[in-house]
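Biologist: Please take a close look at one part of this model, the N-terminal end, and then follow its connections into the rest of the chain. I would like a single connected account, with the backbone details wherever they are worth checking by eye.

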Amino acid sequence: MTAYIKLATREFPLHQGDIRLEHPEIGEEFICPDTYAPVEWTEPPEYDPITMRRGYDAPIKVANKWLASWFVRAATPEEIEQGVKARKENNL
């Protein structure tokens, strides 16, 4: 599934349905308006799911293409506690 970025606001991720809501004039065949750009997915970075959190960051433009980017951050003590509790409850 292709994701898109709204160029004026950098809103991401958007999908064809989101764009069609804003542009009802788009016909059955989806043609992306110039105000949006497709974003190519990239491999997410590896991380420790117990002590860290990972998520989408703002896409970056490289060589005239938009690429998905990621962030990795330290988990809060509360997130670590919740993760440990969930693992115990699910016998993981």
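Modeller: In this predicted model, the secondary structure of the protein consists of two helices and five strands, and from the N terminus on these elements follow one another as β-β-α-β-β-β-α. The radius of gyration is 18 Å, whereas the globule rule gives 12 Å for 92 residues, so the protein is more spread out than a compact globule. Taken along the principal axes, the C-alpha atoms fill a box of roughly 50 × 30 × 20 Å, and buried residues make up 24% of the 92 residues. Of the contacts with a separation of 6 or more, 45% are between residues 24 or more positions apart.

The part you ask about starts with strand β1, which covers residues 3–6. Ala3 and Ile5 point one way from β1, while Tyr4 and Lys6 point the other way. This is the pattern to expect, because in a regular strand the side chains alternate between the two faces of the sheet. In β1, however, residues pointing either way are buried: Ala3, Tyr4, Ile5 and Lys6 are all under the 20% cut-off in relative accessible area.

Strand β1 has pairing partners in both β2 and β3. With strand β2, residues 11–14, β1 runs antiparallel and is joined by two bridges; Lys6 has Glu11 as its bridge partner there, and Tyr4 stands opposite Leu14. With β3, β1 also pairs in the antiparallel sense, over four bridges, and here Ile5 stands opposite Ala37.

Two backbone details in this region deserve a look. The hairpin of β1 and β2 has four residues between the strands, and in that loop lies Arg10, which has a positive phi of about 65 degrees although it is not a glycine. The relative accessible area of Arg10 is 47%, which lies between the 20% and 50% cut-offs, so Arg10 counts as partly exposed. Just beyond the hairpin loop, Phe12 and Pro13 are joined by a cis peptide bond with omega of about -5 degrees, and Pro13 itself is found in strand β2.

From β1 the pairing can be followed through β3 into the later strands. Strand β3, residues 36–40, runs parallel to strand β5, residues 65–74, and two bridges join them; Glu40 in β3 stands opposite Leu67 in β5. Strand β5 in turn runs antiparallel to strand β4, residues 52–62, and that pair is joined by nine bridges. Val62 of β4 stands opposite Lys65 of β5, where the two strands form a hairpin with two residues between them.

The turn of this second hairpin invites a comparison with Arg10. Ala63 in the turn has a positive phi of about 50 degrees, and Asn64, in the loop between β4 and β5, has a positive phi near 70 degrees, again in a residue other than glycine. Asn64 has a relative accessible area of 67%, over the 50% cut-off, and is therefore exposed, whereas Arg10 is partly exposed.

Further back in strand β4 sits Arg53. Leaving aside residues up to four places away in sequence, Arg53 touches Tyr47, Phe71, Val72, Arg73, Ala75, Glu79 and Ile80; among them, Phe71, Val72 and Arg73 fall within the span of β5, residues 65–74. Ile80 is 27 residues from Arg53 in sequence, with 9.7 Å between their C-alpha atoms.

Taking the chain as a whole again, the protein exposes about 6800 Å², of which carbon and sulfur atoms supply 53%. The protein carries 11 positive and 16 negative charges, and the mean positions of the two sets are 5 Å apart.

How values were computed
Residues are numbered from 1 along each chain as its sequence is written. This is a predicted model: local features need pLDDT of at least 70, side-chain atom pairs count only at pLDDT 80 or more; totals for chains, interfaces and linings use all residues. Side-chain values use heavy atoms; hydrogens and water are left out. Two strands pair if DSSP finds at least two bridges between them. The radius of gyration is taken over C-alpha atoms; the globule rule is 2.2 Å times the number of residues to the power 0.38. Buried means under 20% relative accessible area, exposed over 50%, partly exposed in between (1.4 Å probe, protein chains only). Contact means heavy atoms within 4.5 Å. Accessible areas come from the Shrake-Rupley method with a 1.4 Å probe; for residues, only the protein chains shown count as cover. Lys and Arg count as positive and Asp and Glu as negative; His and the chain ends are not counted. The place of a charge is taken as NZ of Lys, CZ of Arg, CG of Asp or CD of Glu.
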